[in-house]
Amino acid sequence: MPDIRRFDEFMDEALYGPSGFYVCGGRPAARGGDFATSVELGALFAQCVARYLDRTWDDLGRPDPFVVVEGGAGRGTLCSHVLAHVETCSEALRYVMVERVARQRAEALEAIGESQPVRAAPDLPDGPFVGAVLANELLDNLPFRLLERSDADWQEVHVAPEGAAEVLREAPADAAAMAEMLAPDAAPGARVPLQLKAAVWVRRALRSLERGRLLVFDYGVRRTTELAQRPQSEWLRTYRSQRRGQNPLHAPGTADITCDVAFDQLPPGATLNTQADWLIGSGIESMTAEARARWQQSRSNPTAETLAARTLLDEAAALIDPDGMGAFWAAEWHVG
Ligand SMILES: C[S@@+](CC[C@H](N)C(=O)[O-])C[C@H]1O[C@@H](n2cnc3c(N)ncnc32)[C@H](O)[C@@H]1O
């Protein structure tokens, strides 16, 4: 029987332990999955990323090899679409899918096929290399600590071994100091996540680059203090079969546990854009111009092609929806 654990330890086990959600098959997919991601809606998001990689390859002086590392690659959907759409950098491209869960790595490699310049790894490569590191909806899934402001100080959320109950204990001084710095105005009862693993992942990714770019997409907020002002249920969420769940302590292993990313907890130096602005800047509107024209011309007498055009336009609309995925963040760091 495990002892009382910190929330991040509980979350690690619930997602990635032997009976963990991801280990036992939890997956993203637009249909039939547990949650939908930009990557799984179709190929448009990947087309924008492919265009970005072509541009980055040029900016970096056309290195060969051009190493692209994707963190949290899941079942390889972004990778396979990117390979299909990169143009100028395709000959130099060496793609590394980093995925913690062995079963997903195997599935991804099988889907992509052996002839492609792709390998899969359980962790970030050490580097140094010249290229790009990408991640879509990885940071929100890295286990985080949970702190609660009390009248006098900060408490840390732990999970009891039985009964899935929360236990509050006085937070260690370093964690309390961090929470105080990030959310100095937090009222008693307010909670904040401490996303140390996300910060470490970003730091390691930056260190692995001799020269290049780190680009991460995720939902979240600019500042932790914004989370402290909202109820925990709004920013710490669970998902299963496309449905929002409730208490993250309920039936561990049966649902995804995820948290809005507080970007002020990540290493400094990133340029933050909304996903909508990033995709528009990457040309999503020109990529859908033909579909838009086709839909306008034949919407009253639709053919299979007209309906395919409509599907593409719906995908673009979902990706840039200001009340949905369009409000996610694209954070980019430059190295060298
Ligand atoms: C929400 S899914 C996103 C998958 C994919 N990027 C997408 O957008 O559809 C997060 C993925 O990150 C993986 N993951 C979690 N921690 C990881 C780590 N430290 N390194 C690599 N992959 C990790 C999970 O197993 C899961 O497949």
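F217 and W278 are both buried (under 20% relative accessible area, with exposed over 50% and partly exposed in between; 1.4 Å probe, protein chains only). The model is predicted: local features need pLDDT of at least 70, side-chain atom pairs count only at pLDDT 80 or more, and totals for chains, interfaces and linings use all residues. Residues are numbered from 1 along each chain as its sequence is written, and side-chain values use heavy atoms, leaving out hydrogens and water.

The structure holds eight aromatic pairs (rings of Phe, Tyr and Trp, the last by its six-membered ring, with centres within 6.5 Å; planes under 30 degrees apart are stacked, over 60 edge-to-face, the rest tilted). One of them joins Y16 and Y22, stacked at 5.6 Å centre to centre with 10° between the planes. Y16 is buried at 15% relative accessibility. Y22 is buried at 6%. The ring centres of F217 and W278 lie 5.0 Å apart with the planes at 80°, so this pair is edge-to-face. F217 belongs to strand β10 and W278 to helix α9 (residues 275-281), so the pair ties together parts 61 residues apart in sequence (helices, H or I, of at least four residues and strands, E, of at least two are DSSP runs numbered from the N terminus). Ring pairs link F45, Y52, F217 and W278 into a cluster.

Strand β10 (residues 209-218) is mostly covered, with eight of its 10 residues buried. Strand β5 (residues 129-136) pairs with β10 in the parallel sense over eight bridges (pairing requires at least two DSSP bridges). Here V133 stands opposite L214. Strand β17 (residues 329-335) pairs with β10 in the antiparallel sense over seven bridges. D218 stands opposite W329 in β17.
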